Protein chains: 2
Amino acid sequence: MTERKRDGGRARATLKEVAKEVGVSVCTASVVLNGSNSGSRISESTREAVVAAAQRLGYRANRLARSLHAGRTHMIGVVPAAANTNILLGPHLQHVLNGVVNETETRGYDLSLITRCDQYNAANLLDILLDGRVDGVVVVAPPLGSRLVPLLLNENLPMVVIDGDPEECNKNFMIDNNAAVKLAMRHLFDLGHRHVGHICGPQELYAARVRKDAFFAEAKKLGVQVDLEWVQIGSFEFERGEKAMQKILKSSRLPTAVFCGNDDSAFGAMHAIESAGLSVPGDISIVGFDDVPTASYHHPPLTTIDQPVDTIARGAASALINQIESAAPIKSEYFQGTLVQRGSSGPASVRF
Amino acid sequence: MTERKRDGGRARATLKEVAKEVGVSVCTASVVLNGSNSGSRISESTREAVVAAAQRLGYRANRLARSLHAGRTHMIGVVPAAANTNILLGPHLQHVLNGVVNETETRGYDLSLITRCDQYNAANLLDILLDGRVDGVVVVAPPLGSRLVPLLLNENLPMVVIDGDPEECNKNFMIDNNAAVKLAMRHLFDLGHRHVGHICGPQELYAARVRKDAFFAEAKKLGVQVDLEWVQIGSFEFERGEKAMQKILKSSRLPTAVFCGNDDSAFGAMHAIESAGLSVPGDISIVGFDDVPTASYHHPPLTTIDQPVDTIARGAASALINQIESAAPIKSEYFQGTLVQRGSSGPASVRF
DNA sequence: AATCGGTGGTTAAACGTTTAATATGTAGGA
DNA sequence: TCCTACATATTAAACGTTTAACCACCGATT
């Protein structure tokens, strides 16, 4: 049995071996090497001997044993939206992950990526999350069908959600989608657009649905016309955005602008428009959502909503760690986006 | 002490508690619940009672304890190139990560992202990697200065490297950069280009250096002229690619084509060219490296080298797991890229 | 001469599992 | 009545730490 972990080379020395080498008790070695400054102190000579032996034997404290004892792992689990994409993390999710890392790293936590979950199977995920491997979990963009968040709420594992459904759970960190969509629509309205389409994200994502709802609500309020042909479901991915735009271009009449649920689908939409021999924004204006790094370098540069992703992600991670360390309750926080006006949006064409 | 892990709700039940509930020994409960089909069998009635109690108490096996005993964690550590970027994972690295996940997921391993390492500090990283938290490690694109790989070679932790320096370690999975660069240069040569520039990646990355060397070697072999002004150091990022191209555009004379070390910098380069009022490929042809998803949708679509990233990453992960599970030795593997010809490259302009 | 206080340690239990070795009980065969 | 065999369950050690509680020793006070 003990052979299993030493295949390939010499095994890692344990505290017991170090202690024996010095001729001292395990406890003494422990105090010296990983020492809390507790009651019992150790003489300088003993200390030196232990340190020397540890060095010689290549001792390294075993984190499993330590965590088992402490009941804490200093690990945070991240559950990324599995969704239906083959790519684990799109540019936006990647940005989120980066923000989470920024916070966890400075607070002394490491990240465990929870990926072994076929189709976001909640029971599966729960098994993984609750087996003691993590002190808390960041759930990113849980899809609508998943029971993960409600199930997790019944457990005592600290959790925070990014881009989740507020009805499902009130530990939600995300942009104020309604206000953000309002900014985008108001911008198009001010440019004279009265006929606007929308390319949505996948409807199992809360952010996609709420943006679509806000789009309709705001269009109605502003008196902007929306033909149903102009509203197409995408998947927050380039290709699907392109396909969606191609469908819109086949409408009986064309909108003068299209608001896209995220930047990737906006890029796809622009590609479709230009491939059809039309121009952005000459014929159709495009507004995206996210402000991913490439948005400003696109041709034309993309008008979009800037999400304070780093702030949101760090905020979520921070709240989670606060809960873990001092039982501070987590409650939802919403962040304001800003409109970034670039070249993909312009005055409405005089088609109507 | 035991209070620490139950803040927030009821604690997770342990095997001992389940056993006590049923009035049976811990061992019996263990065999029933996480049972190996070993010698001792359990009566149907006992089995049912234990299962019922476990269910009732919400028992879940503690992975730490299990791993401690087994000497195996079923976790793979991933060390991403910290490099100097603020974004943890660029589109290419993200693709690599995705490939690794694909393999580990099907083999029953989870991923631990090792990020708490200021400036890729090797000693720090070693402490983290060797504390027993992972069964093996995938090092992705270790920067030149880092001692991590050599240090890790001295330890008995299974390791595999992606895009590392072959001189440093022979457990390297990567594209055959020389052959790939040859493809790109030959392509430009065939289009009539005899004056070619190069935008490199950061020189602390092996892949960037070897591509640069191969570029010079191949240019020489083909009789292609390379003014030193035309060779600029980038960072594999859009912005730096743009800046690099701006410098090239200030040269006393212009190359007819520029080969870029990766796609992101190629996008930046194209942006710079068009911002300067020139056209791609009319005035300057561009060839990239990687074939990221957006390459085909760019305007113009990017001619580039397709890296079989998924194959490489899965291969690396697979080799690592084979070593972990059956001590199979790991040795370097090189994969062939293919030229993907698109719109960003065309016949050389007749400038010369 | 008994007590005190410090210094420098050690013992033992605990964290939650797994598993080899062992024990108990019952039934059937000699 | 004793032995064997089998089915079923238990004991105990082990994985590598941490830490509260305890102990032995010694010089200095009373």
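**Exercise 1. Find how many bridges join β2(A) to strand β2 of chain B, and in which sense the two strands run.**

Solution. Start at residues 110–113 of chain B, which form its strand β2; 3 bridges join this strand to β2(A), and the two run antiparallel. This is a predicted model, so please read each step as a description of that prediction. Next, pick out one pair: Ser112(A) has Ser112(B) as its bridge partner in β2(B). In general, strands of a sheet pair through backbone hydrogen bonds, in either the parallel or the antiparallel sense.

**Exercise 2. Describe the side of chain A that touches chain B: which elements give two or more residues to it?**

Solution. First look at the whole contact, where 50 residues of chain A meet 49 residues of chain B. Then go through the elements of chain A that give two or more residues: α4 (63–70), α5 (91–107), β2 (110–113) and α11 (263–275). Finally, sort the residues on this side of chain A by class, which gives 19 nonpolar, 15 polar and 16 charged.

**Exercise 3. Trace the open sheet of 12 strands and work out which strands stand at its edges.**

Solution. Begin in chain A and follow the order β11(A)-β5(A)-β4(A)-β3(A)-β1(A)-β2(A). From β2(A) step across to chain B and continue with β2(B)-β1(B)-β3(B)-β4(B)-β5(B)-β11(B). The pairing in this open sheet is mixed. At the edges you find β11 (333–335) of chain A and β11 (333–335) of chain B; each has a single partner strand, so one side of each has no neighbour in the sheet. On average, neighbouring strands are turned by 20° against each other, direction ignored.

Now zoom in on the edge in chain A. Here β11(A) pairs with strand β5 (residues 172–175) of chain A in the parallel sense, over 3 bridges. One bridge links Ile175(A) to its partner Phe335(A) in β11(A).

**Exercise 4. Is strand β3 of chain A enclosed or open, and which strands are joined to it?**

Solution. Count the buried residues of β3(A), residues 136–140: 5 of the 5 are buried, so the strand is largely enclosed by the rest of the structure. Then separate its two faces. Gly136(A), Val138(A) and Val140(A) lie on one side, Val137(A) and Val139(A) on the other, and all are buried. It helps to recall that side chains in a regular strand alternate between the two faces of the sheet.

For the partners, take strand β1 (residues 75–79) of chain A, which runs parallel to β3(A) and is joined to it by 4 bridges. Val79(A) has Val139(A) as its partner there. Strand β4 (residues 159–162) of chain A is also parallel to β3(A), again with 4 bridges, and Val137(A) is matched with Met159(A). Adding helix α7 (residues 148–153) of chain A, you can see that β3(A), the helix and β4(A) make a right-handed β-α-β unit.

**Exercise 5. At what angle do helices α1 and α2 of chain B pack, and which residues meet?**

Solution. Locate α1(B) at residues 15–22 and α2(B) at residues 26–34; they pack at an angle of about 105°, with axes 8 Å apart. The two helices are therefore roughly perpendicular to each other. Next, find the contact: Leu15(B), Lys16(B), Val18(B), Ala19(B) and Val22(B) of α1(B) meet Val26(B), Thr28(B), Ala29(B) and Ser30(B) of α2(B). By class, these are 6 nonpolar, 2 polar and 1 charged residues.

Technical notes
Residues are numbered from 1 along each chain as its sequence is written. Chains are lettered from A and ligands numbered from 1 in the order in which they are written. This is a predicted model: local features need pLDDT of at least 70, side-chain atom pairs count only at pLDDT 80 or more; totals for chains, interfaces and linings use all residues. Two residues are in contact if their C-beta atoms, placed from the backbone, lie within 7 Å. Ala, Val, Leu, Ile, Met, Phe, Trp, Tyr, Cys and Pro count as nonpolar, Asp, Glu, Lys and Arg as charged, and the others, Gly among them, as polar. Two strands pair if DSSP finds at least two bridges between them. Axes are lines fitted to C-alpha atoms, for helices over the stretch in contact, and angles run from 0 to 180 degrees between N-to-C directions. Angles under 35 degrees count as roughly parallel, over 145 as roughly antiparallel, 65 to 115 as roughly perpendicular and the rest as oblique. A residue is buried if 20 or more other C-beta atoms lie within 10 Å of its own, exposed if 12 or fewer, and partly exposed in between; C-beta atoms are placed from the backbone. A crossover is right-handed if, with the strands pointing away from the viewer, the path from the first strand over the helix to the second runs clockwise.
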